[in-house]
Amino acid sequence: MVATTVVPTTAPTGGHPQYRPISSHLAITPPVSVVIPAMNEAENLPYVFSTLPGWIHEVVLVDGDSTDDTIRVARELWPDVKVVEQRGKGKGDALISGFAACTGDIIVMVDADGSADGQEIVSYVSALVSGADFAKGSRFANGGGTDDMTVIRKLGNRVLCAAVNAKFGARYTDLCYGYNAFWRHCLDEITLDCTGFEVETLMNIRVVKAGLKVQEIPSHEYDRIHGVSNLRAVRDGLRVLGVILRERGVPRSTRRRRPLAAGVTVPRGRAT
């Protein structure tokens, strides 16, 4: 397939676009912010940060009142990291705080436990600059996988995913996964008003209801490297079910989807 060139519509002062090289044949202009909610993840951060691409615009670490050296380690690993101290509790609250602190046009959500490979970010960003509004990670799409889910969690995820697809007209293969990316304007189309792990499901439902273009990205979830997860399958599964039932009674948005700004360029003579 011959690559095409998309001319960026925005440029810094002086009229020259600020390209961020992603590979030998791909560059983007939109700045990318990576949000990492963390609580007592000092041992995992060296791996997490080592996988992040050097071309990202900023890293926003949301610290959930850690009692270890999470903040110090983050600053040593990424000197320009933006640290946000979480005032509330829960993953949803942390993400909402992190999103508010982002300055990039694209926002990527990454867990701090080492289960996500930051090198996959390029796939998410490529989907966004190619026309998607929301790039949703999937462990069960062709090419994805998981080392972390128990049989019970897989079954629960499948049942809840089927319910969302049936009730909201989605075509998801995975529901409860926290590795996602989106254009910042999506936050104007959806309202995030939950504090726990169910925030991921809420986002997945509301982007569909808002008429945003969603593209699933195959992703591999690895085992947590150190520590114990705060996720509780039954408790959090019930909270996810509660979100689904509540959203079923909320009407779809009637707002029209705004056009995406162009933001990818491929030098002449190269093909993909």
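The chain holds 8 helices and 12 strands, where helices (H or I, at least four residues) and strands (E, at least two) are DSSP runs numbered from the N terminus. This is a predicted model, in which local features need pLDDT of at least 70, side-chain atom pairs count only at pLDDT 80 or more, and totals for chains, interfaces and linings use all residues. Residues are numbered from 1 along each chain as its sequence is written, and side-chain values use heavy atoms, with hydrogens and water left out.

Of the 272 residues, 50% count as buried; buried means under 20% relative accessible area, exposed over 50%, and partly exposed in between (1.4 Å probe, protein chains only). Contacts (heavy atoms within 4.5 Å) with a separation of 6 or more come to 77% from residues 24 or more positions apart.

Two residues are set side by side below.

| Residue | Place | Relative accessible area |
|---|---|---|
| I225 | loop between strand 11 (220-221) and helix 8 (233-248) | 40%, partly exposed |
| E247 | helix 8 | 2%, buried |

The side chain of E247 makes a polar contact with that of R206 at 2.7 Å; such a contact is a pair of N or O atoms within 3.5 Å, and within protein one must be able to donate a hydrogen and the other to accept it, while residues adjacent in sequence count only if both atoms are side-chain atoms. Leaving out residues up to four places away in sequence, E247 touches F168, L202, I205, R206 and K209.
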